[in-house]
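Work through the exercises below with the sequence and the model side by side, and try each task before reading its solution.

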Amino acid sequence: MSDWNTSVIEEFRKNHGKVGGAFDGSTLLLLTTIGAKSGKKRIIPLVYTEEGDKYVIIASKGGADSHPDWFFNVVANDQVEVEMGDEKFKAKAEITDEATRKKLYAQHASRYPGFLEYQQKTKRAIPVILLERI
C-alpha cells in the first residue's frame, strides 16, 4: 500500500470517516478486498455516491489505461468489507452492465467532475461497481 493511501486511511479512522486534502468534502469509504493473487486483505480509500440503498464506486485509477488492482480483487471475489465513518459492514460488489455503467458514471461525475477528466484520459471503459450490504 502506498504511503499516501496509508495516511488517508489513518486520517479516515482517526476522524470518523472525515478526510481533508484532496478528499475534503467528499463522501469517502474504505474498501477491503482479498488480493486475487496474494489472498491478503487490501484496503483502498474511494470516493462514493449512492444509488438507492447501494453505494457506487468507480475503478478509475485516475484515468490510467489499466484497471486498478482492487478491481481485479473484486472480480475474483465479490465479497468485500466497507468502512463508512465508524461503521464497518460486509457487502457484495457488482460490476455493472454497460447501460448502467454509463448512467451511474455520469451521475458520479456530476458530483465529482474530476471523473470526467479520468474518462477523457483513457480509451478503456472505466468500470462502475455497486456495493450492496449483506
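The following exercises go from the whole chain to single residues, and they concern a predicted model.

**Exercise 1. The chain as a whole**

Task: Determine which pattern of helices and strands the chain follows along its sequence, and decide how its radius of gyration stands to the value that the globule rule gives.

Solution: Begin by counting the elements of secondary structure, which come to four helices and seven strands. Read along the sequence, these elements follow the pattern α-β-β-β-β-α-β-β-α-α-β. The next step is the radius of gyration, which is 14 Å and close to the 14 Å that the globule rule gives for 134 residues, so the chain is as compact as a globular protein of that length. Along the principal axes, the C-alpha atoms fill a box of roughly 35 × 30 × 30 Å. Turning to contacts, take those between residues at least 6 apart in sequence, and you will find that 61% of them join residues at least 24 apart. Finally, consider the surface: the accessible area comes to about 7500 Å², and 50% of this belongs to carbon and sulfur atoms, while buried residues make up 42% of the 134 residues.

**Exercise 2. The nonpolar cores**

Task: Find which residues touch the most other members of the largest nonpolar core, and list the residues that Val 82 contacts when its neighbours within four places in sequence are left aside.

Solution: The largest nonpolar core has 19 residues, and those that touch the most other members are Leu 29, Leu 31, Ile 57, Trp 70, Val 82 and Leu 131. Next, ask where the members come from: two or more residues are given by each of β1 (28-34), β2 (41-47), β4 (54-58), α2 (69-76), β5 (79-84), β6 (87-95) and β7 (128-133). A second core, separate from this one, has 18 residues, including Val 19, Phe 23, Leu 28 and Phe 115. As the last step, look at Val 82 itself, whose contacts beyond its sequence neighbours are Leu 29, Leu 30, Leu 31, Glu 87, Lys 88, Phe 89, Ala 91 and Leu 131.

**Exercise 3. The loop between β4 and α2**

Task: Decide whether Ser 60 is buried or partly exposed, do the same for Lys 61 and His 67, and then find what Ser 60 and His 67 touch.

Solution: Start by placing the residues, for Ser 60 is in the loop between β4 and α2, Lys 61 is found in that loop, and His 67 lies there too. For the accessibility step you need the cut-offs, since a residue is buried under 20% relative accessible area and exposed over 50%, with partly exposed in between. Ser 60, at 8%, therefore counts as buried. Lys 61, with 42%, is partly exposed, and His 67, with 22%, is partly exposed as well. Now leave out residues up to four places away in sequence: Ser 60 touches Phe 115, Tyr 118, Arg 124 and Ile 126, whereas His 67 touches Lys 61, Phe 72, Arg 124, Ala 125 and Pro 127.

**Exercise 4. Backbone angles**

Task: Work out in which loop His 16 lies, and state what sign phi has in His 16 and in Lys 61.

Solution: First recall that most residues other than glycine have a negative phi. His 16 lies in the loop between α1 (3-14) and β1, and its phi is near 55 degrees, a positive value in a residue other than glycine. Lys 61 also has a positive phi, near 50 degrees, and is likewise a residue other than glycine.

Methods: Residues numbered from 1 in each chain as written. Predicted model: local features only at pLDDT ≥ 70, side-chain atom pairs only at ≥ 80, totals over all residues. Heavy atoms only, no water. Core = buried A, V, L, I, M, F, W, Y, C linked by side-chain atoms within 4.5 Å. Buried < 20%, exposed > 50% of the residue type's maximum accessible area, 1.4 Å probe, protein only. Contact = heavy atoms within 4.5 Å. Rg over C-alpha atoms; globule rule 2.2 N^0.38 Å. Areas by Shrake-Rupley, 256 points an atom, 1.4 Å probe, with all protein chains shown as cover.
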